[in-house]
Structures are given as C-alpha cells and as structure tokens.
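Colleague: I should be grateful for a close look at one part of this protein, the space enclosed in its interior. Please describe what lines that space, and then place the description in the setting of the rest of the fold.

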Amino acid sequence: MRTRLGLPAAASWPGAGGRPVFHGFSPLVVPRPADWPSQVEVAGYWWPARPHGWRPPAELVDFLQAGPPPVFIGFGCMAPGQGERLGELVMAAVARTGMRAVVQAGWAGLGAVGDDILAIGDLPHDWLFPRTAAVVHHAGAGTTAAGLRAGVPAVPVPVMADQPFWAARLHQLGVAARPLPFRELTAEALGAAITACVTGLALRQRAAELARRIAAEDGAAAVLARVGVVCDG
C-alpha cells in the first residue's frame, strides 16, 4: 500500500517489538495476507460465553416448535429510531415470502406483529441461529460470525463501516444472498432476497459445510497458547 501511494518505507510496523496481534476471525473466512508481519496472526474466532443460567423464553420455544424453522431478522445497533418504518417493511417482506419470522428489536426498536411473526429482545445468537432457516442481519463482524457458526445462509443488509466488507465476503464464500444495502432496502427486495436464500440448496449446503470446518478451529486456544509463551518469556 505504501509503495502504491508513493510513500517512504515504514521504519517499523506499528505495534511491533515482539508483541503479538491477534485477529479474531477464521482464516477460512478471510485468509491471512502473506505480507503481514510474523507477529500479526489470524487466530480464528473466539466465541462469547452464554450468560450463566440462561434459558430461552417459553414464548420463543413455543413459537419455534409450532412450525417450520423461521427466518431471523435483526439489524443490531443500526438504524435507531427507525423501528416503526422498518417494522412495517419487515412485515410486508415476510408476508411476501409466506414464511415465519423471529424479529429482534435491536437499537432501532424494530417491532413487527402477526400470526407468523414473533418479536424478541436480545438473546444468544448461538442458541437461536441454528434453529432458523436463514438470518437477515446488518453484517456486523460479530453477527456475521454467529451466522457462520450456525451453518445457515444469510441475507446481509450492510449499513456502514466494515459491514459492506463482511457482507461481500459472505456472498463470495457462497453462503449468503447478494448483499442488499440498507439504503436500498424495500419490502419487495427483502422478500425476494429471503426467498432466494431459503430456497437456494447450494447456499444451505455451503453454509453447513463452512460451519463444520469452523467448528474444528479453536481461536481462543491459539491466543491462550501465544499469551502463555509471551508471559513465560
């Protein structure tokens, strides 16, 4: 990058001096660039612990057991204050698909009602996502990882920052529909993307296979091993 921009060579890499830098994503998702310094590693995902003693809400359990796997729809901390508009859009999109949906309020205060829609608050994605047919999300790094871990296809709706990158990466890996930028979000477009996602056999197969391979990794152990070496030194 420095050569391409015509900048002088850097005297040293920022953060060098033997201190390791760990990136908490899977090399299966983003391979480690060959030109990174030796102390900068792609360790693999390290997963958040589920809250001690957590139990799923009975209403959610009943909803999941009452029919086929639903699609999950949530935008995390994106679009605060747009809950009413997004709720109407989501309800119209779900109606177009003929599917059931679990809708997470998030910071937007997203609300949706209907016989085939259940609105929920925050809860562990590692429990919910494997029980869904697909996940619609904003492609934040953490939610992207949770979807990959669950082995279900995604409809990425990126809003800002690194989200377009993760959304594009999911599509390139063949585990997600083509990204649908938030600014282009309509009921018609979202409904079509959900339908394409859940009916795409190849997407489901690739998502399940990638999840299986990611499950064989242990990113936390790789970090702990290096931390132990550094501390012993």
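Modeller: The lining of the largest cavity consists of H137, T144, G147, L148, V152, A154, L170 and V175. The model is a predicted one, and the description below should be read as an account of that prediction. By class, 5 of the lining residues are nonpolar and 3 are polar, while none is charged. Helix α4 (residues 141-150) makes the greatest contribution to this lining, with 3 residues. The space enclosed in the largest cavity comes to about 40 Å³. The count of cavities of 30 Å³ or more is 1.

The setting may be taken next. The protein has 8 helices and 7 strands. Of its 233 residues, 44% are buried. Among contacts with a separation of 6 or more, 61% are between residues 24 or more positions apart.

One of the lining residues of the largest cavity is L170. Helix α5 spans residues 163-172 and includes A168. With a relative accessible area of 27%, A168 is partly exposed, because the buried class requires a value under 20%. The C-alpha atom of A168 is 6.5 Å from that of P179, and the two residues are 11 apart in sequence.

The strands offer a second view of the interior. In strand β4 (residues 101-104), A101 and V103 point one way, whereas V102 and Q104 point the other way. All four of these residues are buried. In a regular strand, side chains alternate between the two faces of the sheet. Strand β4 has a partner in strand β3 (residues 71-73), to which 3 bridges join it, and the two strands run parallel. In that pairing, F72 stands opposite V102. Strand β4 is also joined by 4 bridges to strand β5 (residues 117-120), again in a parallel arrangement. Here V103 of β4 stands opposite A119 of β5.

Charged side chains supply a further set of links. The count of salt bridges is 3. In one of them, the side chains of R50 and D126 meet at 2.6 Å, N to O. R50 belongs to the loop between β2 (40-42) and α1 (58-65), and D126 to helix α3 (residues 125-128), so this pair ties together parts that lie 76 residues apart in sequence. R50 is partly exposed, at a relative accessible area of 38%, and D126 is likewise partly exposed, at 28%.

Another salt bridge brings together the side chains of R96 and E188, at 3.4 Å from N to O. Since R96 is in helix α2 (residues 83-97) and E188 is in helix α6 (residues 187-199), the pair ties together parts that are 92 residues apart in sequence. R96 counts as exposed, at 52% relative accessibility, because the exposed class begins over 50%. E188, at 44%, counts as partly exposed.

The remaining case to describe is the salt bridge between R212 and E209, whose closest N and O atoms are 2.6 Å apart. Both residues lie in helix α7 (residues 201-215), with their positions 3 residues apart, about one turn of the helix. R212 is exposed, with 53% relative accessibility, whereas E209 is partly exposed, with 34%.

A last residue shows how distant parts of the chain come together. R226 is located in helix α8 (residues 219-232). At a relative accessible area of 24%, R226 is partly exposed. Its contacts, apart from neighbours within four places in sequence, are with P20, F22 and E41. R226 and P20 are 206 residues apart along the chain, yet their C-alpha atoms are separated by 7.9 Å.

To return to the part that was requested, the largest cavity encloses about 40 Å³, and its lining has no charged residues. Helix α4 gives the most to that lining.

Technical notes. Residues numbered from 1 in each chain as written. Predicted model: local features only at pLDDT ≥ 70, side-chain atom pairs only at ≥ 80, totals over all residues. Heavy atoms only, no water. Buried < 20%, exposed > 50% of the residue type's maximum accessible area, 1.4 Å probe, protein only. Pairing = 2+ DSSP bridges. Salt bridge = Lys/Arg side-chain N within 4 Å of Asp/Glu carboxyl O. Contact = heavy atoms within 4.5 Å. 1 Å grid on protein atoms, 1.4 Å probe; cavity = no way out; pocket = protein on both sides within 12 Å on 5 of 7 lines; lining within 4 Å. Points joined across faces, edges and corners; volume = space filled by probe spheres on them. Nonpolar A, V, L, I, M, F, W, Y, C, P; charged D, E, K, R; others polar.
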